[in-house]
Amino acid sequence: MSQENLYGEISDAIVNLNEDKATELANKAIDENLNILNVIEEGFGAGIRRVGELWDAGEFFLPELMRGAKIMQDCLDLLIPHLQGGIERKTLGKVVIATIEGDIHSIGKTIVATMLRAYGFEVYDLGADVPAEKIIDEAIEKNVDIIGVSALLTTTMLGQKKVVEILKKKGISNKFKVILGGAPVTSKWVEECGADGYAGNAVEAVELAKSLLHI
Amino acid sequence: MIAKVLTEQQINIIHQKSLIILERIGVIIPHDELLSRFAERGANVDMKDKRVRISADLVMELLSKAGKNFTLYGRDLSKKAEFGLGKRNYNTSGGQALWIDNIDNKRRYSSLNDVATAVKFADALEKITIPGAMADPHELPVAWRCVAVAFETIKNTTKPIIFWFHDRASAKFIVDIIIALRGDEKKAQKLPMFHPLLEPVSPLSFPFNGVDLLFETAQLNMPVSIGPMAQMGLSAPATIAGTLAQENAEILAGICITQLIREGIPVCYGGICHAFDMKTTQLIFSGPEQAIFSVAMTQMGKYYNLPVYINVGLTDSKRPDAQAGLECGLTLALGTAAGADIFGHMGICGVDQASSLDFLVMQSEIISYVESINRQINFEEKTFAIDIIEKVGPKGSFLDKQHTVEHFRNELWFPTLLDREYYDTWINKGASSMEKRCRKRKEEILATHKPERLADDVTKELEEIVKKAQRNLTSSA
């Protein structure tokens, strides 16, 4: 099988949401010692972009989008340890994401993390109920481009503002783009906090992250 | 879903009261031939007053002869409307005198051109089983109008149809039309495409033409719907129970008429009584009483094992607005849950104030919604997904699971017109109202849908029949 055919098959397996086939092809790429970076970009990456197009066209709904992203992520977990000679995978950018302290609602934030990963971002998901200081420490340590902070409650959304304030106090607010999300969050709130962007849903979050990094 | 408002005992009481009404008070039928047939069967007939009192025994005997189910077929024989066979059918209006092009415009008299537009439109709507003429073209003489309407309706859809019959003379040409369409009389009888509505005039009387024309359609054993619009407090007692008993009596009398014309004619029980509004002085299309009437009449019709037609999914509103959504939705949900066979007439603005495609678009969405409510819940073992719940565990998410991908499309209804967007997305997409979306969808359908053409030779044949009707019937107009 030519490499192009293999890429096509991988892409099809993702679009068909066929986990067994995708896993089989990922293992095959490892066994045959193929260029893993190309397999990721031209096979799995192409597949998830097609999934995104089907979503845009209204043919795929959220479960299909998330399923495609999940299958891709599981395959990436298999492939990445085999990246040749310590080559780092080229990603669109690094993101640290968390639900703010006092708030245990994590499903929306997890969807955003999955979508960002699927579209090629490197995502560090810190979970829920995470203090602002911790989020910033992680952002500095991982040298990320974007900090994503989620809040579902009007009582916890103040924590989102705190993240921006701490960054300013430390004089490092120009090092990161801060994006906010969650049911009570509006673009007006984002403005009030002095953050960089707001997305109403996971797909918009991907678009926002890309536009903030001029991709 | 199952809706009931009457107990078995109450059904029986209404039945008994109706029989008393027919035996003691009787009905007026201004048709001598039919009255003689009643007399031959031992009914108490007063030829001078045109009044017949029918014994309970005769009612039950004639009722037992009536056909209890039938199927209407479109030009495309795979497009069917099945009555009395556990299916739900939806029809658009048989015809309104007035027409509204756009909600904010004034209404105007309808024309034959509107018939074409309306039928073509309903041909495109998946949920409409029986497109109706929707317009009653004022420009054509009444004497042959229904023949032209029948032709125009047939031309614009491949589904079974409904329109208003007028009298016996014009019905003869309509019978010719179905024979020409099907090829011969035998096939025309086997494959009916439309059927007349016998509408008793409450309280307790029948129109001459409505009865007389059945002698013509009976030649093909054409099914008949019997639907009196008794109005509580005006043309029926001011009580729910009294109106139900009288409405039921009128339908039973209508069924007797059909069976005396031809035994075995299939009938549909049209339980379409309404409340009368003591404030505005007109009939109420869709108050809470309408939900009660429709469920009760469905129970009555099913007590006699008959297909049932009810007036639900309607509204008194003049716009496809919140009131319209409330009234159409609630009455239709209950009417379908009661188990009737056909629900109509869709596409009417207010109480028979005009026809409007904007309303029809909204009702089409409501039908889809209500059909989804009436689904059977899937109880297969795999739907419980215990192993998936275990895999996901506390605090997890089901979104990215294969089980979700496999099931969500079957379990979740997707609207075409209802708005469920995020607030900002809704704003960005123009912050549209339901009315606006209905109008947009209407315009899309009008611009794009083309029904399958009627074959040229058949078109010519039907045109000849309409011309002949025009020649023969004009003098009597």
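Reader: Let's start with Cys273(B). Buried or exposed?

Author: Cys273(B) counts as buried, because its relative accessibility is 0%. Bear in mind that this is a predicted model.

Reader: How far is its sulfur from the closest cysteine sulfur?

Author: The distance is 14 Å, and the partner is Cys268(B). That is too far for a bond.

Reader: And Cys328(B), what is its closest cysteine sulfur?

Author: That one sits in Cys438(B), 10 Å away. Again, the gap is too far for a bond, since a disulfide needs the two sulfur atoms within 2.5 Å.

Reader: Is Cys328(B) buried or exposed?

Author: Buried, because its relative accessible area is 1%.

Reader: How many disulfides over all chains, then?

Author: The count comes to zero.

Reader: Switching to the contact between the chains. How many residues does each chain give?

Author: Chain A gives 17 residues and chain B gives 14 residues.

Reader: What area is buried there?

Author: About 1300 Å² between chain A and chain B. Carbon and sulfur atoms give 60% of that.

Reader: Which three residues supply more than any other three on the chain A side?

Author: Phe61(A), Pro63(A) and Arg67(A). Together they supply 36% of the area that chain A buries against chain B.

Reader: How many salt bridges between the two chains?

Author: One salt bridge is counted between chain A and chain B. The side chains of Glu64(A) and Arg409(B) form a salt bridge, at 2.8 Å from N to O.

Reader: What about residue pairs in polar contact?

Author: Four such pairs link chain A and chain B, counting residues at pLDDT 80 or more.

Reader: Which elements of chain A give two or more residues to that side?

Author: Helix 4 (62-79) and helix 5 (107-118) of chain A. Helix 4 of chain A has the largest share, with six residues.

Reader: What's the mix of classes on the chain A side?

Author: Nine nonpolar, three polar and five charged residues.

Reader: New topic: Asp114(B). Where is it found?

Author: Asp114(B) belongs to helix 4 of chain B, residues 112-124.

Reader: A charged residue. Buried or exposed?

Author: Asp114(B) is buried: its relative accessible area is 4%, and the cut-off for buried is under 20%.

Reader: What does its side chain make a polar contact with?

Author: The side chain of Arg108(B), at 2.9 Å.

Reader: Which residues is Asp114(B) in contact with, leaving aside neighbours within four places in sequence?

Author: Besides Arg108(B), Asp114(B) is in contact with Trp99(B), Tyr109(B) and Ala135(B).

Terms used. Residues are numbered from 1 along each chain as its sequence is written. Chains are lettered from A and ligands numbered from 1 in the order in which they are written. This is a predicted model: local features need pLDDT of at least 70, side-chain atom pairs count only at pLDDT 80 or more; totals for chains, interfaces and linings use all residues. Side-chain values use heavy atoms; hydrogens and water are left out. Contact means heavy atoms within 4.5 Å. Buried area is the accessible area (1.4 Å probe) that two parts lose on being put together, summed over both. A salt bridge is a side-chain nitrogen of Lys or Arg within 4 Å of a carboxyl oxygen of Asp or Glu. A polar contact is a pair of N or O atoms within 3.5 Å; within protein, one must be able to donate a hydrogen and the other to accept it, and residues adjacent in sequence count only if both atoms are side-chain atoms. Helices (H or I, at least four residues) and strands (E, at least two) are DSSP runs, numbered from the N terminus. Ala, Val, Leu, Ile, Met, Phe, Trp, Tyr, Cys and Pro count as nonpolar, Asp, Glu, Lys and Arg as charged, and the others, Gly among them, as polar. Buried means under 20% relative accessible area, exposed over 50%, partly exposed in between (1.4 Å probe, protein chains only).
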